[in-house]
Amino acid sequence: MQTLLIISKIIQKGIDHAITICKKEEIDILDIDINSFEKTLGIDDVRTLQKRLYLKPFKSKTKAMVIAILDRVTIEAQNSLLKVLEEPPNHTIIVLVSLNKELFLPTVLSRCVLIELKDEGLKLSEEELKSFANILSNLPKYEAGDRLRIAETYGKTREEASSFLEKITFVARQVLLKQINLQNKNNKDFDTAWLLNTLKSLQKTHTTVKNTNVSQRFSLETILLSL
């Protein structure tokens, strides 16, 4: 099989795994063509990729094209890509990397070797749980200055921002589950609708910060000011 589909919640982790596979196949790094699409992969993008697919390897006997898709891929693009998957160029490995296999048509999936990478479960200390629960509970009361200070504190690096978003999303999910299970609505600490919308926004921002080159500080400021 010359086509792989790697599913990973972290796009870069999927790309790194693809490179590892290529190296095991003795493909030189110069013959690994990495393409990352932060938004939609359209038919024009596929046509451009197809032209490069038929180029000869530079140093290795085999070349590889890695296509990382963060957001979505159009039906037209998949149908165009399908033609290549059915008759791939000689001495070429195609590796698709995505967050979700549900983005793809069954016909595309059937022509790929599927690799799903497992992500390690998140574990928070008691102190972290209390800290992030406190931030979450006070968000509706915070003034703009308070929110910007949080973004400044946790947005110094991409890793810190990603960790902050992952942890507060985890806590928000736990709180939401707890509230759903509460029988007495008067005992609920949060407005459930607000909490659900907050959770969705945090998840979306976390995915963006982790998998794209967007400014992590700007992303934190935007999400915190909007909640």
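Begin at Phe132 in this predicted model: with a relative accessibility of 6%, the residue falls below the 20% cut-off and therefore counts as buried. Next, add Tyr154 to the selection; its relative accessibility is 24%, so it counts as partly exposed.

Display both side chains together. The structure holds three aromatic pairs. Phe132 and Tyr154 form a tilted one, with 6.1 Å from centre to centre and 45° between the planes. Colour the two helices that carry these rings: Phe132 belongs to helix H5 (residues 126-138) and Tyr154 to helix H6 (residues 144-154), so the pair ties together parts that are 22 residues apart in sequence. Then extend the selection to Phe164, which joins Phe132 and Tyr154 in one aromatic cluster.

Turn now to the sheet. In what order do the strands of the open sheet stand? Reading across, the order is S2-S4-S6-S1-S7, five strands with parallel pairing. Select strand S2 (32-37) and strand S7 (113-116) to see the edges: each has a single partner strand, so one side of each is left without a neighbour in the sheet. Viewed along the sheet, the twist averages 15° from one strand to the next.

Stay at the S2 edge and select strand S4 (residues 63-69) as well. S2 and S4 are paired in the parallel sense over six bridges. For a landmark between these strands, label Ile32, which stands opposite Ala64 in S4.

Now bring in the helices that accompany the sheet. Helix H1 (residues 11-24) packs on the sheet and touches strand S1 (3-7), S2, S4, strand S6 (92-98) and S7. The direction of H1 makes about 160° with that of S6. Select helix H2 (residues 43-53) next; H2 lies across S2, S4 and S6, and runs at about 165° to S4.

The last stops are two loop residues with notable backbone angles. Follow the chain from H1 towards S2 and select Glu26 in the loop between them. Glu26 is not a glycine, yet its phi is positive, at about 60°. Is this residue buried or exposed? Glu26 has a relative accessible area of 70%, which is over 50%, so Glu26 is exposed.

Finally, move to the loop between helix H3 (75-86) and S6, and select His91 there. The phi of His91 is near 55°, again a positive value in a residue other than glycine. With a relative accessible area of 52%, His91 also passes the 50% cut-off and is therefore exposed.

Terms used: Residues are numbered from 1 along each chain as its sequence is written. This is a predicted model: local features need pLDDT of at least 70, side-chain atom pairs count only at pLDDT 80 or more; totals for chains, interfaces and linings use all residues. Side-chain values use heavy atoms; hydrogens and water are left out. Rings of Phe, Tyr and Trp (its six-membered ring) pair if their centres lie within 6.5 Å; planes under 30 degrees apart count as stacked, over 60 as edge-to-face and the rest as tilted. Helices (H or I, at least four residues) and strands (E, at least two) are DSSP runs, numbered from the N terminus. Buried means under 20% relative accessible area, exposed over 50%, partly exposed in between (1.4 Å probe, protein chains only). Two strands pair if DSSP finds at least two bridges between them. Axes are lines fitted to C-alpha atoms, for helices over the stretch in contact, and angles run from 0 to 180 degrees between N-to-C directions. Contact means heavy atoms within 4.5 Å.
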